[in-house]
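Here are some worked exercises to try with the model open in your viewer. Have a go at each task before you read the solution.

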Amino acid sequence: MPSYSIKEIAGIVGGEVVGDGSIVIRGVAGIREAVPGKITFLANPKYESYLASTKASAVITAGGNGSFDGAIINIDNPYLAFLKVVRLFAQTQLEKYSRGVHPTAIIPEGVKLGEDISIGAYVVVEENVSIGDRTTLLPLVCVNDGARIGSDCLIYPHVTIREKCEIGDRVIIHSGAVIGSDGFGYARNGEEHHKIPQIGIVRIEEDVEIGANTTIDRATMGVTLIGHGSKLDNLVQIAHNVVIGENSVVAAQAGISGSTELGKNGGLAGQAGLVGHIKIGDGAIVGAQGGVTKSVPAGTSVSGYPAREHSFARKICAATARLPDLLKEFRNLQNRVDALEKGKGSGPSAEDD
Amino acid sequence: MPSYSIKEIAGIVGGEVVGDGSIVIRGVAGIREAVPGKITFLANPKYESYLASTKASAVITAGGNGSFDGAIINIDNPYLAFLKVVRLFAQTQLEKYSRGVHPTAIIPEGVKLGEDISIGAYVVVEENVSIGDRTTLLPLVCVNDGARIGSDCLIYPHVTIREKCEIGDRVIIHSGAVIGSDGFGYARNGEEHHKIPQIGIVRIEEDVEIGANTTIDRATMGVTLIGHGSKLDNLVQIAHNVVIGENSVVAAQAGISGSTELGKNGGLAGQAGLVGHIKIGDGAIVGAQGGVTKSVPAGTSVSGYPAREHSFARKICAATARLPDLLKEFRNLQNRVDALEKGKGSGPSAEDD
Amino acid sequence: MPSYSIKEIAGIVGGEVVGDGSIVIRGVAGIREAVPGKITFLANPKYESYLASTKASAVITAGGNGSFDGAIINIDNPYLAFLKVVRLFAQTQLEKYSRGVHPTAIIPEGVKLGEDISIGAYVVVEENVSIGDRTTLLPLVCVNDGARIGSDCLIYPHVTIREKCEIGDRVIIHSGAVIGSDGFGYARNGEEHHKIPQIGIVRIEEDVEIGANTTIDRATMGVTLIGHGSKLDNLVQIAHNVVIGENSVVAAQAGISGSTELGKNGGLAGQAGLVGHIKIGDGAIVGAQGGVTKSVPAGTSVSGYPAREHSFARKICAATARLPDLLKEFRNLQNRVDALEKGKGSGPSAEDD
């Protein structure tokens, strides 16, 4: 494990040292787990109270902080700076895996293998596949006929990449993910459902990350597309012919129905669901468990079921909490109006007496 | 790739040609992706505007359409007709895989193998399993002790079929699905949960399709049943002792709790959830994200949480959107009644002054 | 298959015989599937009506029941008693699998293997792994570098246990589960998301059960913890740095976001979701599809979205069902107040005329 002084680290991340720059750091840790010799960070104000009790020797944060008596590196984006420091101390993901092809891997003739690849035990690669330079396939991965995988990819155990699908450079796919399963399409004839062959593909652009056990269906025809730099969490469902733009984020257990488009820089929180054939504009955000039933304009946040503009959805939520009392007060007001009407000897309810 | 004239295609699907029946078609495509030489279809009115711009040479649709200048095949159910055309041009799923048993597949003596099967690399089949004619197990499938798989099935990579489970003819199971995992059953004793052995099975009838990473638990005792012709999408959860009738459809990420029965011809939209021990009648439909807390009569559509009859649920949804305004108007009306009561010098709230 | 008399079974479970204690029982079954010679149980009053029609020779229940004419074993907790009887007749899970290491399993030198283990076909174990006594790894399991698995564990096919994760004794992990996938953490810089290396682990304590295709992410730093005796169902998502206490239960398709803590003896019903960085107190319960947006005190039940104390959430639900009528009645009451105001020749709305 290498070591760096606080001054060296501040130089690398571009921050300002408050306190003793000569302190030597030998690793990184979370603010609660840190021991002397470690550097940690504080970005979320919720954790500010841990500053007084952390045993870390140094903290990266966005403002000098009186309650901590170790060294501080001040910087605008402490999370991003901390990330750089983590990488200083961590081996990169790709360095971890030894290069070469395991003797039990099945690689038919004619498969194109790049340089410096790593293919693990019991990997099955089918015909006409191509795999780019420095890509790693961990044990028990299956790559079906004609799929193309770019360079510097990392494919974890038990991933399935179905036939003809295309994976860009620097893509990470976690265990159990299924890329290119058949879209869910049937033509109904009376009570029977006839399978519509799904003859399209999935295309995953560069720098995408796909979570564990996430499923991405191939298009009926054409392409299901995950745009450059987008990140999908675990157990996400992407239906056939969905298009996700660049740099969007889809949290765990969210689902997108067929042919829906999610723009760039968008975000779906956990367990959000989108019906099919709608458009979510660039930069739009869907709250956790939000159920989106129609298109959402760019830059809009929506939440709830059915999803509505977020500030309006919050008003509705607050109002529903007052509803039980409102019902009582309403009966009371009805009685008062009854009494007023009786007092006047007239009005619609007087005849009830 | 074969080719057919519009007239030939119209004859095969039983439609009527509008325009030039001699045009030659060499493939199928979506309305947006189509290029000259391709045939496409229009079933969903949402896509009608693409008719003017599609580059397809022909369209299958349910009514002549002035804005398209290629050939048209008119037919009542354009989706079903298009499906037939897709099959004309696509190889069938089962023809794609070469026959025989890969030398790395593990098949103990006594396993019954049908004729003309295909078993891929690193497939593990345990003792007393039987596999029907023409069935395909793709690489890395695991079939545990005593399971029975019918004829003409297609089992994708990384599927697990646990011991003693029964799979009917013409069943398709997508990658990562788990058939026959233990039901989630514990007997609570104080704070501890004691596992109840799950000694039942899963039975999947003919013509069922199971999506990627879907999980179907074996019964505590008896059978978890997926009825003839039903279709389950990806990431669906079916708990122990659930019974699904014939020709029902369960969309992605929906979940059915233990011992609940879903009738025939039913439908669960995406992310719908059903509590345990209820009955969903034949032909009933649950909307997306619907949370069903009690039995649903046959033929009924329900939605929302807790799920209510769909037209009523829509009224509630519309009404909640007016709730923030209603609260304001209610205060206003209270003030007016206050004023009326004061004007009369009487009434229940006058004593507050 | 062994056989026991009713009297013997009553003695084993500590119950009281009502009827003929000499009847011989040869197996267990559900109340609807049972045939003569089988014993069943009745715990849920919903199934009481099946007592009159069951073909079982005996029933374990919590009160003598006139409508059943076979033998009865009376006992306070019939479910727990039945569990003991099931175990009498079932082989235990661990006895089922033959001991030893399959010749195709890959076990590098230096891996520590306990006594009497069972390692199936095409299992891949990486370097520095340790596996405890009597633990079973079924076919196609992958255990990455440095992971530690305790004694008497049962790991089903296609499970991935990522590097350095720790699994306690008597843990059961079902097919397709992924233990230790990377947490979903990025530092945002403009529109790009930079991956934060996830260098922590997952620790699963003793007597935990993990459902099929469930995903548990490793901590960013430190530990994602599943406490002693907790049970997770299928398709559950546990994000990085989550802590689950002892003996908690998480039903299928529920999800817990990053750094959230679920106390001991807690319960999440199906499809429940928790935002990140909150605390759910000991013994708290979240209803099905509940969306929890803030911390929940110990012993509290919550439901709905956003989750509120359960009895209050039910009142709100009931009140929303009356909302469409309320809107009509409100307009009616407004009209009556209008009329009253006009009758008096005064009031705010009189000027509208």
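## Exercise 1: the build of chain A

Of the 353 residues of chain A, 55% count as buried. Keep in mind that this is a predicted model.

**Task.** Work out whether chain A is a compact globule or more spread out than one.

**Solution.**

Step 1. Start with the secondary structure: chain A has 4 helices and 39 strands.

Step 2. Now bring in the radius of gyration. For 353 residues the globule rule gives 20 Å, but chain A comes out at 28 Å, well over that value, so chain A is more spread out than a compact globule.

Step 3. Put a box around it. Taken along the principal axes, the C-alpha atoms of chain A fill roughly 95 × 70 × 30 Å.

Step 4. Finish with the contacts. Among contacts in chain A with a separation of 6 or more, 21% are between residues 24 or more positions apart.

## Exercise 2: two helices in chain B

**Task.** Describe how helix α1 (residues 6–13) of chain B packs against helix α2 (residues 78–89) of chain B. Which residues make the contact?

**Solution.**

Step 1. Recall what you need: two packed helices are described by the angle between their axes and the distance between the axes.

Step 2. Fill in the values. The axes of α1 and α2 of chain B come within 10 Å of each other, and they cross at roughly 120 degrees. An angle over 115 but not over 145 degrees falls outside the perpendicular and antiparallel ranges, so α1(B) is oblique to α2(B).

Step 3. Add the handedness: α1(B) passes α2(B) in a right-handed crossing.

Step 4. Pick out the residues. α1(B) brings B:Ile9, B:Ile12 and B:Val13, while α2(B) brings B:Ala81, B:Lys84, B:Val85 and B:Leu88. Sorted by class, the contact of α1(B) with α2(B) has 6 nonpolar residues, 1 charged and no polar.

## Exercise 3: the helix pair in chain C

**Task.** Give the crossing angle of helix α1 (residues 6–13) and helix α2 (residues 78–89) of chain C, then list the residues in contact.

**Solution.**

Step 1. In chain C the two axes cross at roughly 120 degrees and come within 10 Å. That angle makes α1(C) oblique to α2(C).

Step 2. The crossing of α1(C) and α2(C) is right-handed.

Step 3. On the α1(C) side you'll find C:Ile9, C:Ile12 and C:Val13; facing them from α2(C) are C:Ala81, C:Lys84, C:Val85 and C:Leu88. The class count for this contact is 6 nonpolar, no polar and 1 charged.

## Exercise 4: where the chains touch

**Task.** Which element gives the most to the side of chain B that touches chain C? And which gives the largest share of the side of chain A that touches chain B?

**Solution.**

Step 1. Take chains B and C. Here 53 residues of chain B are in contact with 54 residues of chain C. On the chain B side, at least two residues each come from β20 (178–181), β21 (186–189), β22 (192–195), β25 (215–217), α3 (310–321) and α4 (323–344).

Step 2. Of the chain B elements, α4(B) gives the most, with 7 residues. The classes on this side of chain B are 25 nonpolar, 20 polar and 8 charged.

Step 3. Move on to chains A and B, where 53 residues of chain A are in contact with 55 residues of chain B. The chain A elements that give two or more residues include α3 (310–321) and α4 (323–344).

Step 4. α4(A) gives the largest share of that side of chain A, 7 residues. By class, the side of chain A that touches chain B has 25 nonpolar, 20 polar and 8 charged residues.

## Exercise 5: backbone oddities

**Task.** Find where the cis peptide bonds before A:Pro306 and C:Pro306 sit. Then say whether B:Asn213 is buried or exposed, and do likewise for C:Asp116.

**Solution.**

Step 1. The bond from A:Tyr305 to A:Pro306 is cis, with omega near -10 degrees. A:Pro306 is in the loop between β38 (301–303) and β39 (308–309) of chain A.

Step 2. In chain C, the cis bond joins C:Tyr305 and C:Pro306, and omega is about -15 degrees. C:Pro306 lies in the loop between β38 (301–303) and β39 (308–309) of chain C.

Step 3. B:Asn213 isn't a glycine, yet has a positive phi of about 60 degrees. Look for B:Asn213 in the loop between β24 (209–210) and β25 of chain B. B:Asn213 has 32 C-beta neighbours inside 10 Å, so B:Asn213 counts as buried.

Step 4. C:Asp116, also not a glycine, has a positive phi of about 60 degrees. C:Asp116 sits in the loop between β9 (112–113) and β10 (118–119) of chain C. With 14 other C-beta atoms within 10 Å, C:Asp116 is partly exposed.

How values were computed:
Residues numbered from 1 in each chain as written. Chains lettered and ligands numbered in written order. Predicted model: local features only at pLDDT ≥ 70, side-chain atom pairs only at ≥ 80, totals over all residues. Contact = placed C-beta atoms within 7 Å. Nonpolar A, V, L, I, M, F, W, Y, C, P; charged D, E, K, R; others polar. Rg over C-alpha atoms; globule rule 2.2 N^0.38 Å. Buried ≥ 20, exposed ≤ 12 C-beta atoms within 10 Å, placed from the backbone. Axes fitted to C-alpha atoms, helices over the stretch in contact; angles between N-to-C directions. Parallel < 35°, antiparallel > 145°, perpendicular 65-115°, else oblique. Left-handed = near helix turned anticlockwise from the far one by under 90°.
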